[in-house]
Amino acid sequence: MKKIALVTGASAGIGWDIAEYLNRKDFSVVAAARRLERMHPLKEQGIYTIAMDVGDLKSVDAALECIVRDVGAIDILINNAATKVMGPAALVPMADLRYLFDVNFFSLVDLTQKCLPHMQAQAWGRVINISSMGGLFCTPFNSPYSSAKFALESWSRTLKQEVKKFGVEVSLIRPGSVKSEIFDNIVNQTKEELAWTGEWQDVYANFLKAMAKTQAEGADPVCVSEVVHEIITSDSPRVGYIAPVDQEQRVVQYIRETAEDERDSRGAAMFGL
Ligand SMILES: NC(=O)c1ccc[n+]([C@@H]2O[C@H](COP(=O)([O-])OP(=O)(O)OC[C@H]3O[C@@H](n4cnc5c(N)ncnc54)[C@H](OP(=O)(O)O)[C@@H]3O)[C@@H](O)[C@H]2O)c1
């Protein structure tokens, strides 16, 4: 029987690619996101698509009920959906920070808890959490996103320790810059829209320009899908992976050889702080 893989945030970017990739590899794929109509081309490829707002527990419960009824219980959960909030840590609005944590962390925990019992009962499962380099490194103006990814890192590593004995493996993928829509609503802001960033406004505006350039030069999302597939097909997947894989050695070496104060100073200097 085909294994059932749920991919959250599958209406764009990395999630879209993972859904298509796993479908080609003959998994039974469930693609979830808020914009159901956007996933129509995935549906045409035979993928089961469903509306799910991961920031809304009721929406998650309703979607899960339909998935179990129509497709079956989830063997592989790919927690990919995320939103982005940026800005100076000293000024970021609390409501925005809370929303980001709801979508990027709390809902992910909730969804995982709901999928684990089936995986534990059948003594096989994979939970693959899409983290980020932002879950390893600190750079200015990225504190909301980065702190939720840091939380995801420690939660996932702990969960792995706890569920391994039930045959469930938990892994994190930390992509570098990958082409997607994640910065689209952030990079093109007017001066008025950036006014809330106060004394950081000029340096923040330059940071956004640099981000837009990096994003445009990002890797193909397939570099993440390949790692997802490697994790699913490995008997003993590691806790953490970098994508694209050819960046892994350089990142690991940098962390090993560079003290955290030095890493943070370099992060700040990169953006003129
Ligand atoms: N792109 C990069 O350079 C990069 C680097 C490191 C890590 N990542 C991580 O990779 C993952 C995918 O990001 P991406 O770059 O592919 O972003 P993206 O192109 O913006 O796609 C994000 C996906 O998440 C969904 N989403 C957002 N809010 C949601 C909500 N409340 N409920 C359900 N779905 C929601 C969106 O669908 P709807 O709007 O239709 O709901 C969309 O399908 C994220 O975890 C991100 O942190 C990306």
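Helices (H or I, at least four residues) and strands (E, at least two) are taken here as DSSP runs, numbered from the N terminus. In this predicted model, that convention places A123 in the loop between α4 (94-121) and β5 (125-130).

**Overall architecture**

The protein comprises 10 helices and 7 strands. Its radius of gyration is 19 Å, close to the 19 Å that the globule rule gives for 273 residues, so the protein is as compact as a globular protein of that length. The C-alpha trace extends over about 55 × 40 × 30 Å along the principal axes. Of the 273 residues, 39% are buried. When contacts between residues at least 6 apart in sequence are considered, 71% of them link residues at least 24 apart.

**Positive phi in residues other than glycine**

Two loop residues, D26 and A123, merit description together. D26 is not a glycine, yet its phi is positive, at about 75 degrees. This residue sits in the loop between α1 (13-24) and β2 (28-33). A123 likewise is a residue other than glycine with a positive phi, near 60 degrees, and its loop connects α4 (94-121) with β5 (125-130).

Are these residues buried or exposed? A residue counts as exposed if 12 or fewer other C-beta atoms lie within 10 Å of its own. D26 has 9 C-beta neighbours inside 10 Å and therefore counts as exposed. A123 is also exposed, because 10 other C-beta atoms lie within 10 Å. The table sets out the values for both residues.

| Residue | Phi | C-beta neighbours within 10 Å |
|---|---|---|
| D26 | about 75 degrees | 9 C-beta atoms |
| A123 | near 60 degrees | 10 C-beta atoms |

**A cis peptide bond**

Which residues does a cis peptide bond join? The bond lies between A243 and P244, and its omega is about 0 degrees. P244 belongs to the loop between β7 (240-243) and α9 (248-257).

**Helix α5 and the approach of F150 to G135**

F150 is part of helix α5, which covers residues 143-163. How far apart are the C-alpha atoms of F150 and G135? The separation is 4.5 Å, although the two residues are 15 residues apart along the chain. As for its surroundings, F150 has 18 other C-beta atoms within 10 Å and is partly exposed. That assignment follows because partly exposed residues fall between the limit for buried, 20 or more such atoms, and the limit for exposed, 12 or fewer.

Methods:
Residues are numbered from 1 along each chain as its sequence is written. This is a predicted model: local features need pLDDT of at least 70, side-chain atom pairs count only at pLDDT 80 or more; totals for chains, interfaces and linings use all residues. The radius of gyration is taken over C-alpha atoms; the globule rule is 2.2 Å times the number of residues to the power 0.38. Two residues are in contact if their C-beta atoms, placed from the backbone, lie within 7 Å.
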